Amino acid sequence: MAYKTVNPFTNKEVKSFTSLTEQEVAAKIDQADACYKEWRKTDFATRRAVMKKAATIMRENKAKFAGLVTLEMGKLISDAEGEVDLTADIFDYYADNAEEFLAPETLKPKDGRKAYVEHDSIGIILCVEPWNFPYYQLVRVAATNLMAGNVVMVKHASIVPQCAEAFEQLLLDAGAPKGAYTNLFVDSKHIAGIIQDRRIRGVAVTGSEKAGASVASEAGKALKKSTMELGGSDAFIVLEDADLDKACEWGLWGRMNNTGQCCVAAKRFIVVESVADKLLKQMTECFSKLKAGDPMDRNTTLGPLSSEAAAQEIAELTETAIKHGAKAVVGGKRPDMPGAFMEATILTNITKENPVFYKEFFGPVAMFFTVPDEKAAIELANDSEFGLGGTVFSKDVERAKKVASQIDTGMVFINRPTWTSPDLPFGGVKHSGYGRELSKEGILEFVNRKLIYIEN
């Protein structure tokens with residue numbers, strides 16, 4: 001697939017890029033391997049200085065970095081600025097905490113001898129990353145692995161090439177040696193061959209089920225460790241004792257953040273029937289007030305999707321839902337305006353027989369379900385092939401905690417939608433993948449936990 005910047009607000013091509021040849025990829029792997037042999041020997045102070053400098057550069061050049069995100073995938077400029085801040089925070093977090101996370105762990109063998117586990121780097125980590133958070137997705141693998149002494153090679157999404165180049169240059173400007181972080185403009189079909197290279201020691205993917213399954217298969221054949229952060233269809237459960245004003249406010253944000261193009265977006269609203277009509281009315285009013293327009297304009301509240309193809313896909317999925325009995329209480333189609341836009345939409349009356357019941361709506365479309373009680377809400381929440389995040393709204397936190405414990409996902413947030421923070425582990429189960437990123441868990445995914453045992 002060709003690497004191009006196409007502004008989704010206008011659907012006009014801005015710039016194109018040339019993919020690497022096999023010889024160029026081979027040279028970059030050679031460079032990364034040579035870098036690794038030296039980088040693994042660096043002390044934490046050296047690595048920390050690079051992370052700190054990268055964070056500083058991002059904050060000092062926020063407008064430049066955010067502008068590229070908005071240009072290439074249509075994120076509202078305020079959200080793009082928030083992503084820059086979050087990315088810088090993650091750099092700082094691992095700069096401040098990696099040494100402690102990777103400190104040797106003392107063991108107490110029953111035989112009275114001494115033993116400990118040390119955390120060693122393993123080599124080159126290949127990462128395949130998506131377009132929806134062009135920097136945040138990168139820093140989750142870059143900061144952890146660079147601080148652990150690994151080096152990273154990244155195939156970024158083809159629609160955000162300028163963001164990809166900017167992130168690579170960021171780390172060079174921060175003092176990372178060439179080969180520590182390598183951007184790869186390569187076609188997806190070449191990933192299998194790269195994985196087979198013996199110097200690639202791990203593979204991390206964030207993306208679709210299809211992409212994850214394909215890459216995981218290749219990693220498995222090569223006996224390479226992999227982590228997968230894939231799709232999601234998060235349940236947003238609202239119990240009868242919930243604060244409906246807060247549920248509506250957070251529900252709007254949880255569904256519409258990043259124009260709904262978020263793996264942990266609130267996608268399935270599951271509401272107890274005694275409060276369902278009231279909440280649906282509130283949400284309909286909120287959705288109908290969203291203003292589509294230029295994502296660089298701070299008055300815009302509904303940006304375009306990442307591409308014309310993405311807008312067409314979600315419009316077609318919505319049309320399928322309606323043809324099979326669903327009702328669009330607001331929105332339901334594409335607006336009559338240029339650009340990759342889709343109306344903010346709420347669908348009701350979705351039965352299990354509807355072809356979209358198990359689908360992930362990766363855009364500004366919410367599915368709204370009414371259930372009789374808490375038990376039915378839990379059952380519906382778990383009736384999904386995905387298991388990434390989820391939300392429970394209730395004024396009774398102890399009750400909400402019990403419900404959260406029964407939701408089959410990697411993360412559940414109470415009284416707010418699923419979100420992310422440097423110090424919180426991020427990941428899912430079922431078709432949402434395996435492994436964790438962020439927090440201490442994230443930095444331990446691609447290290448050798450080596451046992452050292454001392455007889456005398």
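Start by selecting residues 124-128, which are strand E5, and residues 151-155, which are strand E6: the two strands run parallel and pair over five bridges. Keep in mind as you click around that this is a predicted model. Now show the side chains of isoleucine 125 and valine 152; valine 152 belongs to E6, and isoleucine 125 stands opposite this residue.

Zoom out a little. E5 and E6 are part of an open sheet of six strands, and if you walk across the sheet you meet them in the order E7-E6-E5-E8-E9-E19. The pairing here is mixed. At the edges you'll find strand E7 (181-183) and strand E19 (433-434), each of which pairs on one side only.

Next, colour residues 136-148. That's helix H5, and it lies across E5, E6, E7, strand E8 (200-206) and strand E9 (225-229). Line up your view along E6 and you'll see H5 running at about 160° to that strand.

**On to the other sheet**

Select residues 234-238 (strand E10) and residues 266-272 (strand E11). These two also pair in the parallel sense, over five bridges. Which residue stands opposite phenylalanine 236? Look in E11: it is phenylalanine 269.

E10 and E11 sit in an open sheet of seven strands, ordered E12-E13-E14-E11-E10-E16-E17, and the pairing is mixed. Its edge strands are E12 (327-330) and E17 (413-414), and each of those pairs on one side only.

Two helices are worth adding to the picture:

- Helix H10, residues 273-288, lies across E10, E11, E12, strand E13 (345-348) and strand E14 (365-371), at about 145° to E11.
- Helix H12, residues 374-382, lies across E10, E11 and E14, at about 160° to E11.

**Into the cavities**

Keep E10 and H12 on screen and add strand E15 (386-387). Each of these three supplies at least two residues to the lining of the largest cavity. To find its centre, select Ser233, Arg268, Ala381, Phe386 and Thr409, the nearest of the 15 lining residues. The space in there comes to about 80 Å³. Try colouring the lining by class: you should get five nonpolar, six polar and four charged residues. How many cavities of 30 Å³ or more does a search of the whole structure find? The count is five.

**Now the pockets**

Switch on a surface and go to the largest pocket, with a volume of about 1500 Å³. It has 44 lining residues, and the ones closest to its centre are Trp131, Gly207, Ser208, Ala211 and Glu313. Select helix H7 (191-196), helix H8 (209-221) and helix H11 (308-323): each gives the lining at least two residues. H8 gives the most, with six. Coloured by class, the lining splits into 21 nonpolar, 12 polar and 11 charged residues.

Then move to the second largest pocket, at about 260 Å³. Pick out Leu76, Asp79, Met256, Leu290 and Thr301, which are closest to the centre among its 16 lining residues. Helix H4 (77-101) and helix H9 (244-256) each supply at least two residues here, and H9 gives the most, with four. By class, this lining has seven nonpolar, five polar and four charged residues.

**Last stop**

Finally, select residues 3-451. An unreviewed UniProt entry annotates this span as "domain: Aldehyde dehydrogenase". The span is 41% helix and 20% strand, and its end C-alpha atoms lie 44 Å apart.

Definitions and conventions. Residues numbered from 1 in each chain as written. Predicted model: local features only at pLDDT ≥ 70, side-chain atom pairs only at ≥ 80, totals over all residues. Heavy atoms only, no water. Pairing = 2+ DSSP bridges. Contact = heavy atoms within 4.5 Å. Axes fitted to C-alpha atoms, helices over the stretch in contact; angles between N-to-C directions. UniProt positions renumbered as here; feature names shortened; annotations may be inferred. 1 Å grid on protein atoms, 1.4 Å probe; cavity = no way out; pocket = protein on both sides within 12 Å on 5 of 7 lines; lining within 4 Å. Points joined across faces, edges and corners; volume = space filled by probe spheres on them. Nonpolar A, V, L, I, M, F, W, Y, C, P; charged D, E, K, R; others polar.
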